[in-house]
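Good morning, and thank you for making time for this presentation. I shall take the overall architecture and the packing of the helices in turn, and I would ask you to keep the model in view as I speak.

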Amino acid sequence: MPLLRKCCCCFSLKTGGVILGWIGAVSSFLVAVICLIAICNVETIISAIKEHVKEENIQEDTLRSVLQIFLGVYIALSLIGLISASLLIAGSVRRNRYFILPWLITCGMNLLFGLLFSLFQVVGAMTADVGYGFFTLFIVAIVYGFELYLWLAIFSLFQQLREEETKGVGAAALIYKAPPTDGLPAYTGFA
């Protein structure tokens, strides 16, 4: 049984899946393009870092390698996000739950790792200033609460499609079934 009936209180789960898929696909594509541009301009980034950092012993080769590895990994993650968001769109439109599963897995992993990173950030903010730490905790709780809600909406779409499939009203029921071979024409069964 699906946990939610609507996405963002006004959209159907299917529409919510399509909207989230498009937002994810466009943002992943833009991030990948920005990272590609950054990789092409690594020397400019290194010179800007050297200008703004007061430390004298910055090793350019190490910094260049770290930037290239970081940007390369980010491009790969962006392409994975683009693929999973495209599959979410296709799964929502075609009512195929198996296309939605990659998005659920990648978004769930992003939520987990992002939450761990944010908790470290909150702990660091708490050690510097307790008031700022609680403000950071409040913002993190709102953002991750909304992201968890959107993940639950897509998970509800996944459950809804699984129920439709077991009842025979989903995409699996649309597969052509051959008429019975009892020798009578197919239109005789309607009388």
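Let me begin with a term: a helix, as I use the word, is a DSSP run of H or I with at least four residues, and helices are numbered from the N terminus. Please bear in mind that the model before you is predicted.

With that term in place, consider helix H5, which covers residues 130-167. Phe155 and Phe158 are three residues apart in H5, so about one helical turn separates them. Trp151 and Phe155 are four residues apart in the same helix, and their separation is likewise about one helical turn.

How many aromatic pairs does the structure hold? There are three. In one of them, the ring centres of Trp151 and Phe155 are 5.4 Å apart and the planes meet at 5 degrees, so this pair is stacked. Phe155 and Phe158 are also a stacked pair, with 6.3 Å from centre to centre and 20 degrees between the planes. Through such ring pairs, Trp151, Phe155 and Phe158 are linked into a cluster.

Is Phe158 buried or exposed? Its relative accessible area is 8%, and the cut-off for buried is under 20%, so Phe158 is buried. Phe155, at 24%, is partly exposed.

I turn now to the overall layout. The protein has five helices and two strands, and from the N terminus the order of elements is β-β-α-α-α-α-α. Of the 191 residues, 28% are buried. Among contacts with a separation of 6 or more, 69% join residues that lie 24 or more positions apart.

The UniProt record, an unreviewed entry, places the feature "transmembrane region" at residues 20-49, 69-91, 98-120 and 132-158. Over residues 20-49 the model is 97% helix and 0% strand, with 36 Å between the end C-alpha atoms. Over residues 132-158 the chain is 100% helix and 0% strand, and there the end C-alpha atoms are 39 Å apart.

Next, helix H4, residues 97-128. What span should its 32 residues have at 1.5 Å a residue? The expected value is 46 Å, obtained as 1.5 Å times one less than the number of residues. The end C-alpha atoms are 46 Å apart, which agrees with that expectation. At the start of H4, a side-chain oxygen of Asn96 comes to within 3.0 Å of the backbone nitrogen of Tyr98.

The buried residues of H4 include Arg97, Trp103, Cys107, Gly114 and Ser118. Against which helices do the buried residues of H4 pack? They pack against H3 and H5.

This leads to the largest nonpolar core, which has 19 residues. Those with the most contacts inside this core are Leu88, Ile100, Trp103, Leu104, Trp151 and Ile154. The elements giving two or more residues to the core are H1 (13-40), H4 and H5. H5 supplies the largest share, nine residues.

Finally, a polar detail. Arg64 lies in helix H3, residues 60-94. The side chain of Arg64 makes a polar contact with that of Glu43, at 2.6 Å. Leaving aside neighbours within four places in sequence, Arg64 is in contact with Val42, Glu43 and Ile46. These three contact residues fall inside the stretch 20-49 that UniProt lists as a transmembrane region.

I would be glad to take your questions.

Conventions: Residues numbered from 1 in each chain as written. Predicted model: local features only at pLDDT ≥ 70, side-chain atom pairs only at ≥ 80, totals over all residues. Heavy atoms only, no water. UniProt positions renumbered as here; feature names shortened; annotations may be inferred. Polar contact = N/O pair within 3.5 Å; in protein donor to acceptor, adjacent residues only side chain to side chain. Contact = heavy atoms within 4.5 Å. Phe/Tyr/Trp six-rings, centres within 6.5 Å; stacked < 30°, edge-to-face > 60°. Buried < 20%, exposed > 50% of the residue type's maximum accessible area, 1.4 Å probe, protein only. Core = buried A, V, L, I, M, F, W, Y, C linked by side-chain atoms within 4.5 Å.
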